[in-house]
Amino acid sequence: MSRLVYVLNGPNLNLLGKRQPHIYGHETLADVEAQCRALGEELGLEIRFHQSNREYEIIDWIHEARETAGGIVINPAAFTHYSVAILDALNTFDHPVMEVHISNVHKREEFRHHSFVSGRADGVIAGFGTQGYLLALRRVAKLIDDKAG
Ligand code: DQA
């Protein structure tokens, strides 16, 4: 299986570090990207890291991943809670999908408790801060290794 992994980030995550730091912490998305790339190197994964405030761009990256990637780590941000289109796109992807939320969405407002993406995700991480991305990458690497093994 391909060792290319897409790490996709939804709306407002470009403001990570500046946006509600009491909830999302002080690290920027560039910090998260650097950590994902460093871990990717350690695990032998090639990382494609993207963020968009536009739903269609996330969908287009999932379609791109369909052709090339062995896994997707996705923090769909607010799209989590209402995007059937992102769920449908993920349902066309045949390899591991990990859903990540920096905050513990279950401890927050009721509307954040439901995720459309969880209907497809092979694993969900919430409330581990930005470390969640790294845990998700480790899981994808393990699933790829197990399949190759
Ligand atoms: C988030 C949680 C979502 O509810 C929220 O809309 C976000 C970020 C998280 O990483 O904790 O933008 O996905």
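**Contacts around the ligand and in three loops**

The side chains of D122 and R120 make a polar contact of 3.1 Å. D122 itself sits in the loop that runs between β4 (97-101) and β5 (123-126). The structure is a predicted model. With neighbours up to four places away in sequence set aside, D122 is in contact with H95, P96, V97 and M98. A longer distance was also computed for this residue. The C-alpha atoms of D122 and N9 are 17 Å apart in space, and 113 residues separate the two in sequence.

The ligand was examined next. Around the ligand are R19, Y24, N75, A77, A78, H81, H101, I102, S103, V105 and R112. By class, this shell holds five nonpolar, four polar and two charged residues. Polar atoms of the protein approach the ligand at several points. In the side chain of S103, an N or O atom is 2.6 Å from an oxygen atom of the ligand. In I102 the partner belongs to the backbone: a polar backbone atom lies 2.7 Å from a ligand oxygen. The side chain of R112 places an N or O atom 2.9 Å from an oxygen atom of the ligand. Taken alone, the ligand exposes 320 Å², and the protein buries 98% of that area.

H81 is one of the residues around the ligand. H81 is located in the loop between β3 (71-75) and α4 (84-90). Its relative accessible area is 15%, under the 20% limit, so H81 is buried. A polar atom of the H81 side chain lies 2.9 Å from the backbone oxygen of H114. Beyond four places in sequence, the contacts of H81 are V105, F111, R112, H114 and F116. Two of these names, V105 and R112, also appear among the residues around the ligand.

S83 lies in the loop between β3 and α4 as well. The relative accessibility of S83 is 1%, so this residue counts as buried. Apart from residues up to four places away in sequence, S83 touches E55 and F116. F116 is also among the contacts of H81.

Aromatic rings were then searched for pairs. The whole structure yields one aromatic pair. F79 and Y82 form this pair, with an edge-to-face arrangement. The ring centres are 6.0 Å apart, and the planes meet at 80°. The two partners differ in exposure. F79 has a relative accessibility of 5%, so F79 counts as buried. Y82 has a relative accessibility of 52%, over the 50% limit, and therefore counts as exposed.

F79 is also in contact with N53. N53 belongs to the loop between β2 (46-51) and α3 (55-68). At 41% relative accessibility, N53 falls between the 20% and 50% limits and so counts as partly exposed. Leaving out neighbours within four places in sequence, the contacts of N53 include G10, P11, N12 and N14. With N12 the link is a polar one: the N53 side chain reaches the backbone nitrogen of N12 at 2.9 Å. The side chain of N53 also makes a polar contact of 2.9 Å with the side chain of Q51. I125 is 72 residues from N53 along the chain, and the C-alpha atoms of the two are separated by 21 Å.

How values were computed. Residues are numbered from 1 along each chain as its sequence is written. This is a predicted model: local features need pLDDT of at least 70, side-chain atom pairs count only at pLDDT 80 or more; totals for chains, interfaces and linings use all residues. Side-chain values use heavy atoms; hydrogens and water are left out. A residue is near a molecule or strand if one of its heavy atoms lies within 4 Å of it. A polar contact is a pair of N or O atoms within 3.5 Å; within protein, one must be able to donate a hydrogen and the other to accept it, and residues adjacent in sequence count only if both atoms are side-chain atoms. Accessible areas come from the Shrake-Rupley method with a 1.4 Å probe; for residues, only the protein chains shown count as cover. Ala, Val, Leu, Ile, Met, Phe, Trp, Tyr, Cys and Pro count as nonpolar, Asp, Glu, Lys and Arg as charged, and the others, Gly among them, as polar. Rings of Phe, Tyr and Trp (its six-membered ring) pair if their centres lie within 6.5 Å; planes under 30 degrees apart count as stacked, over 60 as edge-to-face and the rest as tilted. Buried means under 20% relative accessible area, exposed over 50%, partly exposed in between (1.4 Å probe, protein chains only). Helices (H or I, at least four residues) and strands (E, at least two) are DSSP runs, numbered from the N terminus. Contact means heavy atoms within 4.5 Å.
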